[in-house]
Each structure stands twice: as structure tokens, then as C-alpha cells.
Amino acid sequence: MEKTINQKAWFLVLPVLVLVAFSAVIPLMTVVNYSVQDTFGQNQFFWAGLEWFDEMLHSERMWDALGRQLMFSAIILTIQIPLGVFVALNMPKSGFWSSFCLVVMSLPLLIPWNVVGTIWQIFGRVDIGLLGYSLDALGISYNYTQNTFAAWVTIIIMDVWHWTSLVALLAFAGLKSIPDAYYQAAKIDQASRWAIFRYIELPKMMGVLMIAILLRFMDSFMIYTEPFVVTGGGPGNATTLLSIDLVKMALGQFDLGPAAAFSIMYYLVILLISWVFYTVMINLDKREG
Amino acid sequence: MAKITLDNLAHAYYPNPKSEDDFALKELNHVWSDGEAYALLGSSGCGKSTLLNIISGLLHPSQGRILFDDKDVTQSSTADRNIAQVFQFPVVYDTMTVRANLAFPLKNRGADPQYIAQRVQQIGAMIGMEAELDKRARGLTADAKQKISLGRGMVREDVNALLFDEPLTVIDPHMKWELRTQLKSLHHEFGHTMIYVTHDQTEALTFADKVVVMFDGRVVQIGTPEELFDKPQHTFVGYFIGSPGMNVIPATISGNNAVVHGIDVPLANGYGALEGKTEIGVRPEFVTLTQGDGLPVKVRRVEDVGRHKIVRAELFGNDINILANEDQSISPDMTHITFDTSRVNVYVNDWLKSGEVA
């Protein structure tokens, strides 16, 4: 059959183009635009080249925030992934209690970030919060507004509370897809509980776990609302993570140029890490097949 | 190695079974002799896998006892029963090498490493995978994986019994023969009690000393291949074994005479007057086409399958199959059939009735 040439078909992709342009391309380009200019007010801009990028790369403040951010992501991943897998392994596999667990575990996932922050902010307060008050009454010094360690512990526990369910649900889905015959064969082979986990469950869960790690990494790397509501980045700069710092710089100090350069590098880092994850995952899949 | 006794055994998948229909496996008493090779034959859903899983301890029966030799193992775990089982679909440990897969059951039981190495090599040779021993199991084809599963089942020498749950389903035909032959030679060599579940009669008849035919949760006949062929205890056995299966024709029986639609068919034995659903069963091998004697049939199709011809015909509206020799010509005037009288079996409510010699 001969191909009919009809350029009008382009109009069909137009809505998508417009949508993507307004939702992503134009805002991103605005940021790019800011990152290479300087302004002294009155809406007058001057060409600055890569100056802001250079400044940001040598800014101790940004490296510190990046360090805190990596530490935060690393800690929550090392807690949430094993904990999520552990929860999934111990959940009832079927029946009423299985559904019950699934529903209960999904609940934290449905709560808006802001509300999660507020819940923990109040929960941890020494004067009226259940947790803060109880710890204080037990004589344990706990005050997330003054003590760095307490602040970190609070935001980490909050994130674990909020997101471990996601890992558990994904791991549970992975576990459910393992045919019974594998467990039966393992019984016949007299495999220990650990061997069953190591040689059957873990390899079969690998795919979903990679997705869980990727999702949790990206999400934690971009986290803003919850720690901001609880600690506001404090005490001092102790919990000022990348996006909190970015907002401070862009909206607090109105340093549009450096903030834009910061944003772009932030974006590139996430893109890079996601790409690495994706490549690793695809390779794992290939080896599987 | 052990003699396995099933005592009063039955199983239902739901709690509180009431009628007999609730049981996936109906009450069963049977002794599997030590060192024999059995095939468990039946169509899908007849309870054969249920029975197998009960023997291996993966499933606990709703009632009855299982004895290995004379020890009650009903409550024992699979591990305590020391049984090997191979499943329908390949189960391999993906992240391990083929060698590690084969060694796994031995290692878990704490066998001597030197013995493991030597035994794994031996099994590797048996399943024809010596060259692939150090490959990862993950990337292999389905039939290679199933060979690993088989190998893992056979690697322990001291098992009480070897159970196979349709293990050759995913293996391609020429390899099927080879593996089945190897299983047989293994059986001769080590004398394990083997139970082999299948729905393929050829597989069952070539593999086993004794074939156990199951139908609707019940064992309908246990016998050698000859017994199943000559004297099927149940119409299902007659129909299921043989290619094509036995012809079952409704008939009224009186004495040593069967009447099919008003036409007399002589029987070898006397049966008196029988009540209930009475039928005669004749294998296609013992039906002969004639030019005028016997029952009228309408030939519809002749299939030449090489060694013989299968004649598909119609007898009073029912299908009937006739086996004719390869060199016998089938002419249009062959409109009747006769039976080899000594090979006509009589069934009452689907069960074989033995008559008295007249």
C-alpha cells in the first residue's frame, strides 16, 4: 500500500506539545534563563555566563547541603528497604488479615506531606506532643528544635513511618508472584529459612526492589515539605536539605541566579542517578531472560 | 527406601467435608511396595497431585495415616520423610550455578564435600549437562532447567521415595525418551520406590511396573499395563488406556448373552440377570469389520496411522472405533462388526463384572 502523505496529522500531537511546553519546557527554560543572568532589581537583567554555576560549585553551603542530603537518603534507604522486606515477609499471605494489613499499610501513603509534617511536629513537641512529652517525662533529653541529633532522628523516623509501607507493598507483590512449587521444592531440599530467602525470595524480589530503591531514592532526594514543617531546616542548618536550601536561596534571599544554577545541577544529579539505576535494572532484566 | 502404606487416607481442601463429593481424594487404602516403580495416571484434576503431595508431606490429609515401612509419618515434615520430588514446572535456584543447584540438597543435609563433588559430577553426566555445570541456572532454557530439577531430585541416594509430578511436560520429545529411560535405569540400579504422576498413558505404561489409574478422586485400578489393557476394572480405565480407548456400548445382559438394540452378542461367560446401567466394553483391537455378520455400523472415516488403520464408525448413533490391520482393505460393503467373544467385558454401573465360566 502506498503511504498517503498528510501533514495535518501533526495537529494531533499539538495538544501534547502545548501541554508539555507549558508544564515542563517553558518553566525549565525560565530557570535556565535565570541561571545565566544577573539582576539588580527593576527587572533589568545582565548576561552572567556560567558565573553562577562556578560560584555554586565552590559554595561550601551547597556542598554541605548535598552532604546532608546524601546522608539522609542513605539512612532512610538502609532502614526502609530491609524493614519493608521484613514486613512483607511476615505479612499474612492471603485471607482477611492480608487485606487488612494492606489497607492499614497504605494509609500513611495517602496522607499529604504537609499533614505528615504537622502530625510529627506536634507529636514530637515537648510541651504538648505525646512523644516529646513522654520522653521528657522519662528523663530523656529530646528537643528537635535545639538538638541536632533529635532533629535528625525525628525526620528520619517520620520518613520511615511515611514510606516504609511503599517498600513493603512492592516487596509483598514480588513475594506473591513466586509459585508455590519453589517453596515446596525448597522444603524437599531441606533448605533453611535463610536459604529460602537468599536463593528464592530475594532473587525473585530483585526487580521490584530495584524499583522501590529508585522511587525511594528520588523521593527522599527531593524531600522538602515534611522536614520543613517539622524543623524548618534547623537547628541552625542541621536539617537543611537540598530543596530546603534551594527555596531559602530562591525565595528567601531572592538570589534568582545562583538558585537557578543550583536547581539545574540538582536536576542533573537526579537525572544522572536515575539513569544509572535504570541501566542497572535493564541489565538485570537481560540477565534474567 | 521404604514401603509406603496409605491407611484410610482421604483429603478435602475445605474444612468440614460432608458428602463424598467434597473430597478431592476419596478414601484410599493402598500399599506401595518397596522398590517398585509406579505410575499414577489420570486426567487433570483427578486428585493425583493431591495424593503425591500428601505422600511427600507438602499437604496434610484430612483423615487417615501414612506409614513408611511401619513408622507413622502422617504428622512428619517433608524433611523428616526424606523424600525427593520433582515438579511439573522447573524449579531452579536462579542465582546459583548448575553445580550449586545440584549440590544444594546434599549441602543442606551436611554431606561430605568430597562426596558432594563426586556425586554432582555423576548426576551432571546423567542429565547430560556436564559441560554446563558452572553456568548460572538463570539463563538456561526451560528443558535444561527441568533437567536440573530432575537432577536435584535424584542427587540424594538414601531417599525413601522419589516422586515425580508430570516432570517431562516441558521437555521436548526426543529428550523425553532419553530421560525416561534414564529414570528407569536409575530405578533398576538403586531400587528406589518411585511414583510418577502423569496424564500420558504412553509415559505411564513405559515407565512403570504398576500403573495406578485415578478417576474423580478415586483409585479405580492398580495393575500392570497388561491387566489394564485386558481387564479394565472401570469403563474410565478402558477409555483412558489404549489408543483409541475401549468402546463402551450400552447393552442388556442376560446369562451369556448381551443384547444391543435387539441384536444378540454372545459373551464368553455367564452373568445371570444384571441390574443397573449395563454395558459391554470391547477394545478396538478386538472388533472386526464383516460383510454381514453382527451389528450394523456406518463407516465414516478411515485413518491410516502407519502400523494399522483406525476405522471411525457409527453404531446406533454412537461412535465406535475399530482397529484394522495395515494390509486389510476396507470395502464399502463392510457394514457390520463382530467382537472377539473372549475379549468382551461386562460393566455394571461402570465397574467390571466378572462372570462365571459357562
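**Exercise 1. The contact of two chains**

Find how many residues each chain gives to the contact between chain A and chain B.

*Solution.* Start by counting on each side of this predicted model: chain B gives 21 residues and chain A gives 14 residues. Next, look at which elements of chain B take part. On the side that touches chain A, at least two residues each come from α2 (78-81), β6 (83-86) and α3 (98-108) of chain B. Finally, sort that side of chain B by class: eleven residues are nonpolar, six are polar and four are charged.

**Exercise 2. Two helices of chain A**

Describe how helix α3 (residues 60-90) and helix α9 (residues 193-221) of chain A pack.

*Solution.* Two quantities are needed, since packed helices are described by the angle between their axes and the distance between the axes. Here the angle is about 145°, and the axes are 9 Å apart. Then comes the handedness: α3(A) passes α9(A) in a right-handed crossing. Now turn to the residues that make the contact. From α3(A) they include A:Phe72, A:Ile76 and A:Gly84, and from α9(A) they include A:Leu209, A:Arg216 and A:Phe221. Sorted by class, the residues of this contact are nine nonpolar, five polar and one charged.

**Exercise 3. A nonpolar core**

Locate the residues with the most contacts inside the largest nonpolar core, and follow one of them to its neighbours.

*Solution.* This core has 80 residues, and those with the most contacts inside it are B:Tyr38, B:Ala39, B:Leu40, B:Ile195, B:Tyr196 and B:Val213. Take B:Tyr38 and leave out residues up to four places away in sequence: among the residues B:Tyr38 touches are B:Trp32, B:Ile195, B:Tyr196 and B:Lys210. Another core, of 27 residues, lies apart from the largest one and includes B:Tyr271 and B:Ile337.

**Exercise 4. A small piece of sheet**

Work out the strand order of the open sheet of three strands in chain B.

*Solution.* The order is β17-β22-β18, with antiparallel pairing. The edge strands, β17 (287-290) and β18 (295-296), each pair on one side only. Between β18(B) and β22 (residues 336-339) there are two bridges, and B:Pro296 has B:His336 as its bridge partner in β22(B).

**Exercise 5. One glutamate**

Decide whether B:Glu166 is buried or exposed.

*Solution.* First find B:Glu166 in the loop between β7 (161-165) and α6 (173-190) of chain B. The cut-off for a buried residue is 20 or more C-beta neighbours within 10 Å. B:Glu166 has 21 inside 10 Å, so B:Glu166 counts as buried. Beyond residues up to four places away in sequence, B:Glu166 touches B:Gln88, B:Val197 and B:Thr198. Its C-alpha atom is separated by 6.8 Å from that of B:Phe87, 79 residues apart along the chain.

Conventions. Residues numbered from 1 in each chain as written. Chains lettered and ligands numbered in written order. Predicted model: local features only at pLDDT ≥ 70, side-chain atom pairs only at ≥ 80, totals over all residues. Contact = placed C-beta atoms within 7 Å. Helix = DSSP H or I, 4+ residues; strand = E, 2+ residues; numbered from the N terminus. Nonpolar A, V, L, I, M, F, W, Y, C, P; charged D, E, K, R; others polar. Core = buried A, V, L, I, M, F, W, Y, C linked by C-beta atoms within 7 Å. Buried ≥ 20, exposed ≤ 12 C-beta atoms within 10 Å, placed from the backbone. Axes fitted to C-alpha atoms, helices over the stretch in contact; angles between N-to-C directions. Left-handed = near helix turned anticlockwise from the far one by under 90°. Pairing = 2+ DSSP bridges.
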